[in-house]
Amino acid sequence: MTFKEKIDCLRFAFALCNKFDKSIYPIAVLKWLCNAILPLIPTFFSAKIVDELTGSKDIKTLILYGITMAVLIAVFEFARHLTDRAMDDKTELLHIYEGKVFEESIVNKDYELLEDVDFQTAVKAYKVVYQNNYGIFANMWFLFGNFITGILSLMFSLILVGPLIIKCFEIDNSSFLTSYKPLVILAVSVVFIGFFMILIGNKYSKIMNGLTLKFNTLFGIFSYWYNFPLKYQNGKEIRIYNAQETVLKKRNESLNDLYMWDKKSFDSQAKFTSILMVFQMIIMGMFYLFVAIKAYAGMFGIGSFVLFLGASLQIAEGINLIGQISSILGMSTEHISYLKRIVETPQRKHIGTLPVEKRNDNRYDIEFKNVSFKYPGTDEYILKNFNAKLEIGQHMAVVGKNGSGKTTFIKLLCRLYDVTDGEITLNGINIKKYDLNEYMSLFSVVFQDFQLFSVPLSQNVTTSLEYDKEKLYDCLDKAGVKERVEQMTDKENSIIYKDFDDNGIEISGGEAQKLALARALYKDAPFVILDEPTSALDPISEFEIYQRFNSFVGDKTAIYISHRLSSCRFCNHILVFDDGRIVQQGSHDELVQNTEGKYYQLWSAQSQYYV
Ligand code: ADP
């Protein structure tokens, strides 16, 4: 990352903080002030007490110093405790807030980004940061806090020993000790070592970034194998194929890799922090030596000597903390960049503004005009110069070999992807011009890899917390699964799967497909599309479902994709796909006449097994 990109990341993170809660800033400043001032209080008063003890020895003054020191320490300690707690609370809430920002961003992004490798890499990396580092803020505020505390410590310590430093400038060239030379040596050394510490911090954060990226991968692999035997869905295969040993071996290997990573990271951390500590000690030692030289030369008394020693400790600590700026810009900005990339990845699709006309007659005609399409990031055209018309009320079947582009055609139709070339029109207008959500609301699609969620059955079908129960049961009935639901103890409130509920119900593949069909019926959209969702059903059930479904679909436009050509025979129009093109179309009876055609080839390949 360039310096500018790092600054942009910080800006992004602070903009999120601003949006969340601006009260975090005064709390943070108060906390940093307390952290910087607190160690200087005993230093300051110890020097005063020593001066008093070696001077006039006035008991009243000594008691006053003692009490003032105790009160100030108590006040600052209390303030530090309060601000620490408040800051912990704030960063915890920020952690929740950034999780919300992340999730909202993911849910609202174009579907195609969910299949995009770069986007997924950022998502995975961010998830690890979110889970293991308490998100981007805890670390950022910690490091930023160190940096500011360092500056404040340095500033206050210098103010405290300012008069003494000025005294050190009183040059008397009669001896080396009182000459300007010790001061020059000290100043040059501190600047040089401070610079060196920043360089080392920079290198450290680079190494840690590399290790974090590696951790993301290793943690992903470990999580997979750790959860593998815990997922009861994997239980059958593990036992039947005697995979216990392999699974445990894989798990142990991934755990070992993680352990080795941990060791390496710990070693690096230990190495760098010890080097930094050594430099901090050197700076401190040089200050001690300098002050000792000046005191020895009789430039100030023992109290000032004590003050100087305490302040030097804080100066060295301050320089060390300031050196952590490179870590802020390194490690923290790297973490922020994951979330920034996710949030700021632009939507690729046009989000049109045109409302979709609500029509009771469902007069929605769609046309693919010379459409070509390749998936983002790939070179191969999946659909080539594709032309098709979907007319109102048409019940159409789409058939073709695996990989011929049938599902891709559906994804383009409902705008999960946009065409690469050509256009798709709805009632003559490019679909990109329509409001995306309104346009998508025209489609009920059941994909072959449809998903049911671990929520009540009713919410699975209606995808809503509030629903029309009568309509729900009507759809369950039409999809052929009403009786099964009525037999369940909790009926439509039964939780699907056992992820969160021991009483969750396990349903067969066929039942799941019927629930997915009920979901499509409940949406009641003008276009209904079934993309091979019935593969778990036997051929007779599939045929029955398709036919029944077809009668419920009524005057809506319907598209059916099935491997089993017999299932689609009832359709009045059949499109035959081959290698991203429509190679034939017509009714079953027409198509089967052409013995040279693709349809005949597919049909005879399947029908020979039924003769
Ligand atoms: P069908 O539904 O006819 O089996 P698909 O439309 O699913 O065919 O796939 C057509 C081609 O597109 C296949 O070669 C498949 O590998 C490719 N494909 C599908 N999805 C993606 C994707 N997200 N990224 C890249 N290629 C894809």
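# A guided tour of the predicted model

Begin by selecting residues 40–54, helix H3, together with residues 302–323, helix H11: the two helices pack at an angle of about 170 degrees, and their axes are 7 Å apart. Angles over 145 degrees count as roughly antiparallel. H3 is therefore roughly antiparallel to H11. Please note that the model on the screen is a predicted one.

Next, display the side chains where these helices meet. On H3, the contact is made by Leu40, Thr43, Phe44, Ser46, Ala47, Val50, Asp51 and Thr54, and on H11 by Ile302, Gly303, Ser304, Val306, Leu307, Gly310, Ala311 and Gln314. Coloured by character, the contact residues of H3 and H11 divide into eight nonpolar, seven polar and one charged. The crossing of H3 past H11 is right-handed.

Now move to a second pair of helices. Select residues 24–37 for helix H2 and residues 135–168 for helix H7; they pack at an angle of about 50 degrees, with axes 8 Å apart. This angle makes H2 oblique to H7. H2 also passes H7 in a right-handed crossing. The residues to display in H2 include Tyr25, Trp32 and Leu33, and those in H7 include Trp141, Phe144 and Phe156. In the contact of H2 with H7, 12 residues are nonpolar, four are polar and none is charged.

The tour continues with the aromatic rings. The model holds 33 aromatic pairs. For one of them, select Phe102 and Tyr126, which form a tilted pair, 4.8 Å centre to centre, with 45 degrees between the planes. Which helices hold these two rings? Phe102 belongs to helix H4 (residues 59–108) and Tyr126 to helix H6 (residues 117–132), so the pair ties together parts that are 24 residues apart in sequence.

Finally, turn to the strands. Four of them form an open sheet in the order E2-E1-E4-E5, and their pairing is antiparallel. Which strands stand at the edges? Select 383–390 for E2 and 429–430 for E5: each has a single partner strand, so one side of each is left without a neighbour in the sheet. Then add E1 (residues 366–373), which pairs with E2 in the antiparallel sense over five bridges. Within this pairing, Glu367 stands opposite Lys389 in E2. As a last selection, show helix H13 (residues 406–413), which packs on the sheet and touches E1, E2 and strand E4 (421–426). The direction of H13 makes about 120 degrees with that of E1.

Methods: Residues numbered from 1 in each chain as written. Predicted model: local features only at pLDDT ≥ 70, side-chain atom pairs only at ≥ 80, totals over all residues. Heavy atoms only, no water. Axes fitted to C-alpha atoms, helices over the stretch in contact; angles between N-to-C directions. Helix = DSSP H or I, 4+ residues; strand = E, 2+ residues; numbered from the N terminus. Parallel < 35°, antiparallel > 145°, perpendicular 65-115°, else oblique. Left-handed = near helix turned anticlockwise from the far one by under 90°. Contact = heavy atoms within 4.5 Å. Nonpolar A, V, L, I, M, F, W, Y, C, P; charged D, E, K, R; others polar. Pairing = 2+ DSSP bridges. Phe/Tyr/Trp six-rings, centres within 6.5 Å; stacked < 30°, edge-to-face > 60°.
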